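Trainee: Please pick one part of this structure and go through it closely, then place it in its surroundings. I would like the terms defined as you go.

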Amino acid sequence: MDVFLQQVVSGLATGGIYASLALSLVMIYRATDVVNFAQGEMAMFSTYLAWSIMNHGAPYWLAFVLTVVIAFVGGLALERLIIRPVEDAPVLAIVIVTLGLLVIFNSVAGWAYSYIIQPFPSPFPRTPIRIGRIVFGPHDLGVIGVTLLMLALLWLFFRFTSLGLALRAAAQNPAASRLVGIRVGWMLALGWGLAALIGAVAGMMVAPIIFLEPNMMSGILIYAFASATLGGFTSPGGAVLGGFLVGVIENLAGTYVSFIGTDLKLTLALLVIIVVLLVKPSGLFGQAVVRRV
Amino acid sequence: MAPLLEARALEAWYGWTKVLHGVTFAVDEGGITTVLGANGAGKTTALRAVCGMVKVAGEIHFEGRRLDGRATEDIVRLGIAHAPEGRGTFVGLTVEENLRLGAYARRDRARVAADFERVYRYFPMLHERRRQVAGTLSGGEQQMLAVARALMLRPRLLLLDEPSLGLAPLVVREIFRIVRTINRDERVSVLLVEQNASLALDLADHAYLLETGRVVVSGPAADLRKDDAIRRSYLGY
C-alpha cells in the first residue's frame with residue numbers, strides 16, 4: 001500500500017509535467033488548429049536559458065521569473081515572425097514549419113550548450129517528507145503544487161479577465177471576434193506566448209528529474225501527446241486530467257507489471273494514443289469536430 | 001446635412017468573383033435604411049463591405065471618415081456594430097460572456113455595467129438565460145442575443161443582416177419592434193438587410209433594391225411600397 005501511494009504521488013508529479021505540456025499543445029491547437037511539434041524543444045530551450053542565467057549567479061527564483069518572461073515574449077515573437085506568414089497556408093505546411101522549429105531549437109541548443117548532460121537544480125528542499133510510514137519526494141510534491149497553481153492562475157485568467165475572454169472568443173470564432181473589435185492576429189500570438197510560458201515552467205520542473213540535455217523533451221512530448229489525446233485535443237481541462245492519468249498509469253504499470261519496467265514505459269504512451277484513437281477519437285472530454293463542407 | 005454613412009460606387013469581390021457592381025447607398029443620421037433583394041443579390045456583401053470583411057473598390061464614408069481600407073477591428077471602434085447573418089454568436093460561450101464581448105472595444109468600462117441592465121430590459125429572456133451557453137438557445141433567442149451583443153457596443157450605426165431569417169413571425173415582429181425602439185429612443189441609425197420586404201419597408205424610411213449587385217430602385221420606403229414591380233416581385237400582392 002505504501003509503495004502504491006508513493007508511486008501514485010510520483011506519477012502525479014510527472015503527470016503534472018505532461019499535463020502542462022499537453023495544455024500548451026491544446027492551447028495552440030484550439031486557437032489555430034495546428035499541432036505544435038516544437039513545443040517540447042521550446043520548453044527545453046527555455047530551460048537552458050534558466051540554466052545559463054543561474055550560471056551567471058542569479059538565484060533560482062529570479063532565473064525562473066526571467067525565463068518565464070523571456071519564454072512568453074519569445075513565443076509571441078515566434079508566432080508573429082514565423083507562423084504568421086504561413087497562417088493561411090494548408091495545415092500540413094504549418095506542421096512542417098513547426099517540425100522545422102523543432103530541429104532548429106534542438107540543433108541550436110546542442111551547438112550553444114553541447115550535448116553533455118547537465119544537472120539542473122530543484123527549488124524545493126532535499127529532505128524527504130514523511131507522512132506516517134510513507135516517504136514523499138519533496139520535488140514531486142513541489143511539482144504537483146506548481147502545476148496546480150499555474151493551472152489555477154490560467155483558469156482565473158481565462159474565466160475572469162476580458163483579455164482571457166477575448167482569447168477564447170478568437171479561438172472559437174475569428175470572424176465574429178473581429179466584429180466585436182478583437183485583434184485576432186494578436187490573440188493568436190498571445191496564445192503562442194502563453195503556451196511557451198507554460199512549456200518553460202514544465203521544462204524547469206522536469207529538468208531536475210531527467211537532467212538537462214537537448215533531447216530531454218522528446219520523450220516528454222510523446223507523453224504530452226498521449227495526455228492531450230486521452231483528454232481530448234479540444235479540451236484544456238481534459239488535457240490536464242489526461243496528463244495526470246498518463247503519469248499515474250505509466251508509473252503504476254512500470255512498478256507492478258514486471259515486463260514493462262522502465263524500458264517499455266514510452267511504448268505505453270503510444271499504446272494510450274492508439275487505444276484512444278480507436279475507441280474514442282475525440283478523447284474523454286473533447287468535442288467531435290463536425291465541419292460543414 | 002451629410003448622411004451618417006455613405007457608400008459611393010461600391011464594388012466588392014469574393015476572390016475573382018465580382019459581387020457588387022458600383023452600388024451607392026446612404027444611411028441618414030438617426031434613420032433606418034433597408035437594402036432589399038433576392039438571394040445572391042449582394043445584400044450581405046454590402047454589409048460586409050462596410051465592415052471591411054471583403055475586398056472593395058469605391059468609397060465608404062462614415063461621419064466624414066473613410067472606412068474602405070480599414071481593418072474590421074478598427075471600423076468597430078468607430079461605433080459600427082454588425083449583427084451578421086447566421087447570427088455570429090459565440091455558441092461555446094455563455095449569454096453573459098457574449099454580451100461582455102460586445103462591449104470589448106469600448107473604453108468607458110465603467111458605463112458597461114449600466115448597459116447590461118439596459119440590454120436586459122430590452123430582452124428580459126436573455127437575463128434569465130445569462131449563465132446558459134449560447135449554443136443551447138433557440139434560433140430566435142440567438143438572434144436577440146446577436147442584436148443585444150451589438151447594442152453593448154453603444155453603436156452609432158447598427159448593421160442588421162436578415163434578422164428575420166428562419167424565425168417564427170411572432171419572434172420577428174418582436175425583434176423589429178425592439179429595433180424601432182432603439183432607433184427612436186437612442187438615436188441609433190440602422191442599416192437593415194432583409195428578404196422580408198414588407199416588414200423592412202414598414203420599419204425603414206429609405207430603401208434600396210438590389211438585383212445581381214446593382215441598385216435597380218431606390219427612394220423613400222413609402223414610395224417603394226407603392227412601386228408596382230416591387231409589389232409584384234417582393235411583396236407578393
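Mentor: Strand 3 (residues 32-37) of chain B runs parallel to strand 8 (residues 189-194) of chain B, and five bridges join them. Strands here are DSSP runs of E with at least two residues, helices are runs of H or I with at least four, and both are numbered from the N terminus. Two strands pair if DSSP finds at least two bridges between them. The model is predicted, so local features need pLDDT of at least 70 and side-chain atom pairs count only at pLDDT 80 or more, while totals for chains, interfaces and linings use all residues. Residues are numbered from 1 along each chain as its sequence is written, and chains are lettered from A and ligands numbered from 1 in the order in which they are written.

Within the pairing of strand 3 with strand 8 of chain B, B:T33 has B:L191 as its bridge partner, and B:L36 has B:E194. Strand 3 of chain B is also joined to strand 9 (residues 206-211) of chain B by five bridges, again in parallel. There the bridge partner of B:L36 is B:L209.

Six of the six residues of strand 3 of chain B are buried (20 or more other C-beta atoms within 10 Å of the residue's own, against 12 or fewer for exposed and values in between for partly exposed, with C-beta atoms placed from the backbone). The cover is on both faces: B:I32, B:T34 and B:L36 lie on one side, and B:T33, B:V35 and B:G37 on the other.

The strand belongs to an open sheet of six strands in chain B, with the order 6-7-8-3-9-10 and mixed pairing. Strand 6 (80-83) and strand 10 (214-220) of chain B are at the edges with a single partner strand each, so one side of each has no neighbour in the sheet. From one strand to the next the twist averages 15°. Helix 6 (residues 139-151) of chain B packs on this sheet, touching strand 6 and strand 7 (157-161) of chain B, and its direction makes about 170° with that of strand 6 of chain B. Such angles run from 0 to 180 degrees between N-to-C directions, and axes are lines fitted to C-alpha atoms, for helices over the stretch in contact.

Chain B has another open sheet, of four strands in the order 2-1-4-5 with antiparallel pairing. Its edge strands are strand 2 (17-27) and strand 5 (65-66) of chain B, each pairing on one side only. Strand 1 (residues 5-14) of chain B pairs antiparallel with strand 2 of chain B over eight bridges, and B:E6 stands opposite B:A26 of strand 2 of chain B.

As for the partner chain, 17 residues of chain B are in contact with 15 residues of chain A (contact: C-beta atoms, placed from the backbone, within 7 Å). On the chain A side, helix 6 (162-172) and helix 7 (174-179) each supply at least two residues. Helix 6 of chain A gives the most, with six residues. That side has eight nonpolar, four polar and three charged residues, where Ala, Val, Leu, Ile, Met, Phe, Trp, Tyr, Cys and Pro count as nonpolar, Asp, Glu, Lys and Arg as charged, and the others, Gly among them, as polar.

Methods
Contact = placed C-beta atoms within 7 Å.
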